[in-house]
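Work through the exercises below with the structure open beside you, and try each task before you read its solution.

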Amino acid sequence: MTIEQKKENGIITLLLDGWLDHDSSPDLEAVISEITETNQLTIDFAKVEYISSAGIRALVAAHRKAKELDAEFSVINVNPEVMSILSMTGINKKLDIRASEE
């Protein structure tokens, strides 16, 4: 998985590409732990093909970090397959997770 970070006007967007799983979730958690200031943290899932329980745990950590920084948090552009996994866990009811508009 690759993680590209964009910062603009106090908004941090993390663009993920690949699988968010046991192997890649520590990389996302490391990037998130380095964030010290933001008004909004957005994770763009446009190129995420799969998410595992470890990936979901990383999303919860990201949400926790945003809350700690008093920032808004969202996951955007989630494809139907990944949304199905998130829906099964119920995490989509706890976090701001938005499907892709395809």
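The exercises that follow go from the sheet to the helices, and then to single residues and salt bridges.

This is a predicted model, in which local features need pLDDT of at least 70 and side-chain atom pairs count only at pLDDT 80 or more, while totals for chains, interfaces and linings use all residues. Residues are numbered from 1 along each chain as its sequence is written, and side-chain values use heavy atoms, with hydrogens and water left out.

**Exercise 1. The sheet**

Task: State the order in which the five strands form the sheet, and find which strands stand at the edges.

Solution: Begin with the terms: helices (H or I, at least four residues) and strands (E, at least two) are DSSP runs, numbered from the N terminus, and two strands pair if DSSP finds at least two bridges between them. In this model the five strands make an open sheet with the order β1-β2-β3-β4-β5, and the pairing is mixed. The edges are taken by β1 (2–8) and β5 (97–99), each of which has a single partner strand, so one side of each is left without a neighbour in the sheet. On average, neighbouring strands of this sheet are turned by 20° against each other, direction ignored; axes here are lines fitted to C-alpha atoms, for helices over the stretch in contact, and angles run from 0 to 180 degrees between N-to-C directions.

Next, look at two of the pairings. β1 and β2 run antiparallel and are joined by seven bridges, with Glu 8 standing opposite Ile 11 in β2. These two strands form a hairpin with two residues between them, and Asn 9 in the turn has a positive phi of about 50°. By contrast, β3 and strand β4 (residues 72–78) pair in the parallel sense over five bridges, and Leu 41 stands opposite Phe 73 in β4.

**Exercise 2. The helices**

Task: Describe how helices α1 and α2 pack, giving the angle and the distance between their axes.

Solution: Two packed helices are described by the angle between their axes and the distance between the axes. For α1 and α2 the angle is about 5°, and the axes are 9 Å apart. That makes α1 roughly parallel to α2, since angles under 35 degrees count as roughly parallel, over 145 as roughly antiparallel, 65 to 115 as roughly perpendicular and the rest as oblique. Among the residues that make the contact (heavy atoms within 4.5 Å) are Leu 28 and Ile 32 of α1 and Ala 58 and Lys 65 of α2.

Then relate a helix to the sheet: α1 (residues 25–33) lies across β1 and β2 (11–20), and runs at about 170° to β2.

**Exercise 3. Thr 42 and Ser 74**

Task: Decide whether Thr 42 is buried or exposed, and list the polar contacts of its side chain.

Solution: Thr 42 has its place in strand β3 (residues 40–51). Buried means under 20% relative accessible area, exposed over 50%, and partly exposed in between (1.4 Å probe, protein chains only), and at 5% relative accessibility Thr 42 counts as buried. A polar contact is a pair of N or O atoms within 3.5 Å; within protein, one must be able to donate a hydrogen and the other to accept it, and residues adjacent in sequence count only if both atoms are side-chain atoms. The side chain of Thr 42 makes such a contact with the side chain of Gln 40 at 3.0 Å, and another with the side chain of Ser 74 at 3.5 Å.

Now follow the second partner: Ser 74 lies in strand β4 and, at 4% relative accessibility, counts as buried.

**Exercise 4. The salt bridges**

Task: How many salt bridges does the structure hold, and where do their residues stand in terms of accessibility?

Solution: A salt bridge is a side-chain nitrogen of Lys or Arg within 4 Å of a carboxyl oxygen of Asp or Glu, and the structure holds two. In one of them, the side chains of Lys 65 and Glu 68 meet at 3.8 Å, N to O. Both residues lie in helix α2 (residues 53–68), three residues apart, about one turn of the helix. Lys 65 is buried, with a relative accessible area of 15%, whereas Glu 68, at 59%, counts as exposed.

The other joins Asp 96 and Arg 98, whose closest N and O atoms are 2.7 Å apart. Asp 96 is partly exposed at 31% relative accessibility, and Arg 98 is partly exposed with a relative accessible area of 44%.
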